[in-house]
There are 2 protein chains.
Amino acid sequence: MDVDTRVLRYYVAVAEHLSFTRAAQELFVSQPSLSRQIQRLESEVGAALFVRTGRQVRLTAAGENLLPAARRILDDWRQAVREVRTSEAARKQLLRIGFVATGAGPLGRRARTVFTTHHPEITVEPKRFDWGGEAQALRQGLADAAFVWLPTDLSGLHAHVVATEPRWVAMAATHPLAAAHDTVSIMDLRDEPLMWTRKAPQEWVDWWAVNPRPDGSTPLWGPENDNVEEMLEHVATGNAVCLGTKSMAGYYAHPELTWRRVTDIEPLRIAVAWPHGRTNPLVRAFVETVIDLAAL
Amino acid sequence: MDVDTRVLRYYVAVAEHLSFTRAAQELFVSQPSLSRQIQRLESEVGAALFVRTGRQVRLTAAGENLLPAARRILDDWRQAVREVRTSEAARKQLLRIGFVATGAGPLGRRARTVFTTHHPEITVEPKRFDWGGEAQALRQGLADAAFVWLPTDLSGLHAHVVATEPRWVAMAATHPLAAAHDTVSIMDLRDEPLMWTRKAPQEWVDWWAVNPRPDGSTPLWGPENDNVEEMLEHVATGNAVCLGTKSMAGYYAHPELTWRRVTDIEPLRIAVAWPHGRTNPLVRAFVETVIDLAAL
DNA sequence: CTGCATCCATACGTTTGAGGCATAGAAGCT
DNA sequence: AGCTTCTATGCCTCAAACGTATGGATGCAG
């Protein structure tokens with residue numbers, strides 16, 4: 001009679017993809033493991049949820065009927081956890097500001113400073129997340145507001161674009177390109193292995209990698225990584241190059257690393273974002289501070 | 001971010017009893033295990049749910065806020081599973097009739113016979129449950145209708161009393177009481193260890209054991225058991241005596257067992273019951289068959 | 001019609017975690 | 001101060017969830 005929300009997530013994923021293999025990939029579990037969990041769920045509820053006919057998978061009537069309940073339970077739980085976490089932070093007079101890597105650069109720091117002078121009783125906690133994690137964190141109640149890097153999935157969130165940053169490329173100091181030019185073109189990176197991550201959605205990875213390239217080609221993929229530090233370790237070692245922001249060129253300038261401006265790709269857009277639903281007045285105040293500063 | 005509904009049940013139980021020890025007893029888990037699960041839940045949601053102050057346990061604000069969501073999720077899941085199981089049975093043209101031990105005796109069998117002649121396309125499946133399990137089975141969608149033995153918790157169920165049965169007592173054939181009388185009084189059983197179960201609610205156990213006795217005394221408790229067969233094994237071995245129905249005296253008459261009518265206790269009331277909510281017309285038809293037969 | 005590719009199920013070994021028992025530690029009562 | 005009551009911690013056991021390797025069925029192409 002008991003279920004784990006994990007199993008419900010598995011079920012919804014299979015129902016959405018109508019494929020165990022693809023759902024397993026999305027869920028970062030093996031296909032056999034996923035099959036077992038679905039079998040277990042089916043025996044628990046006493047009915048087959050999917051019809052597997054060799055080549056294709058489709059929902060049974062029971063599968064269709066259970067699906068809304070599974071979604072409802074997942075939403076209910078996510079929202080409940082988000083509210084508890086958010087209230088707990090509010091109770092402790094905390095304002096948790098999520099960001100990735102350099103976040104919004106100088107704007108973020110100025111906003112925190114200004115906010116703190118107006119609300120000295122509040123502790124503002126900058127919270128660093130892995131690639132794509134800042135938007136996720138808002139949905140999970142792990143941050144109250146965040147500087148999110150676009151493009152990303154903004155469902156469930158309010159967002160205002162407050163800054164843009166030119167994109168730069170990082171490479172090992174010994175890299176030939178570093179010696180050759182002060183600036184580079186995206187086409188100069190055609191044969192360079194590029195860093196990527198499975199933490200962020202595909203859309204995000206493609207945008208950063210400029211995939212497809214202006215000439216229609218696909219980037220050469222290098223090692224995977226979860227966050228800036230890991231990424232730059234790889235790059236300094238010479239395994240790959242990576243794209244980043246102008247701020248990153250300043251913040252993460254170590255001797256083994258060389259940064260160059262990329263002249264011909266669009267800049268990063270950065271938004272301040274916060275979750276839908278009842279909004280803590282402090283969150284709104286912080287967002288307004290950011291927007292005001294951005295307008296200067 | 002994931003939870004098991006089991007953990008939510010634990011949480012709700014602790015919140016209702018405001019005691020880990022008592023909740024653990026109700027849930028049939030050890031107190032340390034329960035404590036650990038609650039700790040785990042608390043770290044998952046990022047807030048303490050209970051304040052433990054040595055002598056007493058009370059809910060925190062976060063604990064109060066999470067409670068409705070936990071209850072909602074549990075109800076949602078129970079209902080979803082019940083509906084899937086019920087629809088699946090309907091799809092297979094099954095009508096599952098729950099009962100305990102001898103159920104409603106001859107009435108149950110006659111009702112199934114009559115129903116089958118009117119609905120030959122339907123397979124009627126008598127389903128036997130452990131003590132107190134027939135009402136539970138209706139709530140869990142494991143039966144479509146059932147003969148429930150009163151008193152029991154009827155929440156979520158419709159019920160009509162359709163029969164009563166005098167109560168008899170079973171003892172080992174070698175038992176002194178068996179030789180002495182044709183009938184016995186409840187007071188004759190004062191010093192006899194009586195069978196009991198933890199499957200059914202306390203109310204049920206007390207009613208069967210006639211606790212307290214007319215003179216205010218408490219029965220002497222014998223071995224525990226889950227169902228008729230286990231109970232009668234104990235009784236035949238001479239470990240205890242047990243109370244049962246007149247039907248049981250006929251159905252379960254083996255040589256090592258002697259049954260005697262108990263003259264001075266109220267008879268068992270038996271109801272036909274079915275779950276709240278959308279009701280399959282076949283269920284209603286069966287219930288009406290039972291009620292009609294009972295009226296004869 | 002045969003070989004190949006695709007996709008889900010099964011087998012098996014490994015690891016995580018939920019449970020029980022014993023016991024420590026804290027709080028209130030006598 | 002000692003006793004009782006209640007929750008937390010340490011340690012062990014066992015079930016189950018996961019991954020890798022592989023089997024088996026289906027559909028497509030040559």
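**Proline turns, sheets and DNA contacts in a predicted model**

B:Pro151 sits in the loop that links strand 5 (145-150) and strand 6 (157-165) of chain B; helices (H or I, at least four residues) and strands (E, at least two) are DSSP runs, numbered from the N terminus. The peptide bond leading into this proline, from B:Leu150, is cis, with omega near 0 degrees. Chain A has a cis bond too, from A:Leu150 to A:Pro151, again with omega near 0 degrees, and A:Pro151 lies in the loop between strand 5 and strand 6 of chain A. Another backbone oddity turns up at A:Ala101, which is not a glycine yet has a positive phi of about 55 degrees. A:Ala101 belongs to the loop between strand 3 and helix 5 (106-118) of chain A. For context, most residues other than glycine have a negative phi, and most peptide bonds are trans.

A word on the ground rules: this is a predicted model, in which local features need pLDDT of at least 70 and side-chain atom pairs count only at pLDDT 80 or more, while totals for chains, interfaces and linings use all residues. Residues are numbered from 1 along each chain as its sequence is written, chains are lettered from A and ligands numbered from 1 in the order in which they are written, and side-chain values use heavy atoms, with hydrogens and water left out.

Chain A splits into domain 1 (5-83), domain 2 (92-156 + 270-295) and domain 3 (167-266), with bounds that come from an automatic or database domain assignment. The centres of domain 1 and domain 3 of chain A, taken over C-alpha atoms, are 38 Å apart.

Chain A also has an open sheet of five strands, in the order 4-3-5-13-6 and with mixed pairing; two strands pair if DSSP finds at least two bridges between them. Its edges are strand 4 (123-129) and strand 6 (157-165) of chain A, each pairing on one side only. From one strand to the next, the twist averages 25 degrees; axes are lines fitted to C-alpha atoms, for helices over the stretch in contact, and angles run from 0 to 180 degrees between N-to-C directions. Eight bridges connect strand 6 and strand 13 (residues 268-275) of chain A in the antiparallel sense, and here A:His158 faces A:Trp274 of strand 13 of chain A. Helix 11 (residues 281-295) of chain A packs on this sheet, touching strand 3 (94-100), strand 5 (145-149), strand 6 and strand 13 of chain A, where contact means heavy atoms within 4.5 Å. The direction of helix 11 makes about 160 degrees with that of strand 13 of chain A.

Over in chain B, four strands make an open sheet in the order 8-12-7-11, also with mixed pairing. Strand 8 (183-184) and strand 11 (242-245) of chain B are the edge strands. Strand 7 (residues 167-172) and strand 12 (residues 257-262) of chain B run antiparallel and are joined by five bridges; B:Val169 has B:Arg260 as its bridge partner in strand 12 of chain B. Helix 8 (residues 202-209) of chain B packs on the sheet against strand 7 and strand 11 of chain B, at about 90 degrees to the direction of strand 11. Helix 9 (residues 228-237) of chain B packs there as well, touching strand 7, strand 11 and strand 12 of chain B, with its direction at about 50 degrees to that of strand 7.

Turning to the DNA, 22 residues surround strand C, and A:Thr21, A:Ser35, A:Arg52, B:Tyr10 and B:Ser30 come nearest; a residue is near a molecule or strand if one of its heavy atoms lies within 4 Å of it. Sugar and phosphate make up 73% of the atoms of DNA strand C that come within 4 Å of the protein. Polar contacts (pairs of N or O atoms within 3.5 Å; within protein, one must be able to donate a hydrogen and the other to accept it, and residues adjacent in sequence count only if both atoms are side-chain atoms) include one at 2.9 Å between a backbone N or O atom of A:Phe20 and a phosphate oxygen of DNA strand C. The side chain of A:Gln39 places an N or O atom 3.2 Å from a phosphate oxygen of that DNA strand.

Around DNA strand D there are also 22 residues, with A:Ser33, B:Phe20, B:Thr21, B:Ser35 and B:Arg52 coming nearest. Sugar and phosphate account for 64% of the DNA strand D atoms within 4 Å of the protein. A polar side-chain atom of A:Ser33 is 2.8 Å from a phosphate oxygen of DNA strand D, whereas a polar side-chain atom of B:Arg36 lies 3.4 Å from a base nitrogen. Helix 3 of chain B gives the most to this surface, with five residues.
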